[in-house]
Each structure stands twice: as structure tokens, then as C-alpha cells.
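Me: I should like to learn how to read the features of a model such as this one. Please show me the general idea and then the case at hand.

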Amino acid sequence: MNRVVCPGSFDPITYGHLDIIARASTLFDEVVIAVLVNQTKKSLFSVEERLEMITEVTAQYPNVRVDSWRGLLVDYCESNGIGSIIKGLRAVSDFDYELQMSQINYQLKGIETLFMSTAPAHSFLSSSLVKEIASFGGDISSYLPPVIQRRLLDRLSLSRDEG
Ligand code: PNS
């Protein structure tokens, strides 16, 4: 079976991620979305919440499943018999970091990384920006599925109430 992992923080999942996942699902027998911990980012949603949200918005793709992992991505690939990683590239600014990661991942365990160019409509989109816009009351409806938008707004209003 031709399987690929689509890794990320997905905090939360956006239409940009969903575009890559949908297109990857037409190229591979199975796409595994892996929620990983990015140690450089502080997350708004727990891993369990992110898994639940991703499962909900990818339910229409029969060959897409969702999983999580704490540790190196290449160890996840090795333990699950997955030989390649797929990543969306939004702009040149993504390239340095993604190239470095792909080279390290190949060097560590021989895992290949394939890059898919993000649809131009999503080239500026990131979960971090969406969270910032939402936290200042901006309109995020074109960036996230409605169910994710609602979860994000609920979480932000909760953190405001607690703060
Ligand atoms: O959505 P993100 O935050 O850009 O995704 C980055 C992520 C989570 C895919 C990356 O940080 C990652 O692979 N983390 C797991 C640890 C790892 O394998 N790091 C790379 C080699 S040092």
C-alpha cells in the first residue's frame, strides 16, 4: 500500500491544510494525518482536541486517517511502515525550514519528503495568523470550516474570561 504521512501541529486545522490533504488523498492509497508536537510553538488546543476536530472535517475522505505522536516524525514513520512525508509549501519563506527538515529526516531514517504547492488562495494562511485575527475579533470565516471556527471562537472567549 502506498502510504504517506501529512504531519503538523494543526492548531487548529485550516482550509490550507485541508487542500493539501484532499489533493494528497487522490495520489496515495492512504494519507495519515499525524498531529505532532512542535516544540517551538505553544498550542491552544490539546492533541486530543485536534484529533477530534481533524477527524470531523476529514470524514468525507475514506482513505484519510488521523493519528498523533510524541517524538521524532521519522520514528513515527518507521514504526508505522510509512516511507514518505507530504508537506504543503506556501511561499519561499517556508522553503529554508522545510528543506532543512526534509534533509534531516532523510539523513536520520531515509524517509523522503514530497512538497506540494499550496493553492494560491491559501498561500498566506497559517493557524497562527488565524488565531491572531480571531483573538482581535476579525473575520476568519474564509480560513476554517465552520465547526473549527466555532471551536476556536469558543476557546478564545474562554481564555478571555479566564484571563
Ligand atoms: O505545523 P507545523 O508546526 O509547521 O509542523 C511542524 C512539525 C510538527 C511537523 C515538526 O515540528 C515535527 O516534525 N516535529 C516532530 C519532531 C521532529 O521530528 N522534528 C524534526 C527533526 S529534528
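Me: Which residues of H4 are buried?

Reply: Buried means under 20% relative accessible area, with exposed over 50% and partly exposed in between (1.4 Å probe, protein chains only). In H4, this applies to Asp-94, Glu-98, Ser-102 and Asn-105. Helices here are DSSP runs of H or I with at least four residues, strands are runs of E with at least two, and both are numbered from the N terminus. The model is predicted: local features need pLDDT of at least 70 and side-chain atom pairs count only at pLDDT 80 or more, while totals for chains, interfaces and linings use all residues. Residues are numbered from 1 along each chain as its sequence is written, and side-chain values use heavy atoms, leaving out hydrogens and water.

Me: What do the buried residues of H4 pack against?

Reply: Contact means heavy atoms within 4.5 Å. The buried residues of H4 pack against helix H3 (73–79), strand S4 (84–89) and strand S5 (112–117). One of them, Ser-102, counts as buried because its relative accessibility is 11%. Leaving aside residues up to four places away in sequence, Ser-102 touches Thr-113 and Phe-115.

Me: How is the span of H4 checked, and where does H4 bend?

Reply: The expected span of a helix is 1.5 Å times one less than its number of residues. The 18 residues of H4 (residues 92–109) should therefore span 26 Å, and the end C-alpha atoms are 26 Å apart, which agrees. A bend is the angle between axes fitted to the seven residues ending at a residue and the seven starting there. For H4, the bend is about 25° at Glu-98. Just after H4, Gly-110 has a positive phi of about 70°.

Me: Which backbone features stand out in the loop between S1 and H1?

Reply: Most residues other than glycine have a negative phi, and most peptide bonds are trans. In this loop, Phe-10 has a positive phi near 50°. Phe-10 counts as buried because its relative accessibility is 2%. The peptide bond from Asp-11 to Pro-12 is cis, with omega near 0°.

Me: Which residues come nearest to the ligand?

Reply: A residue is near a molecule if one of its heavy atoms lies within 4 Å of it. Of the 14 residues around the ligand, the nearest are Ser-9, Asn-38, Lys-41, Leu-72 and Leu-73. A polar side-chain atom of Asn-38 lies 2.8 Å from a ligand oxygen atom, and one of Lys-41 lies 2.7 Å from a ligand oxygen atom.

Conventions:
A polar contact is a pair of N or O atoms within 3.5 Å; within protein, one must be able to donate a hydrogen and the other to accept it, and residues adjacent in sequence count only if both atoms are side-chain atoms.
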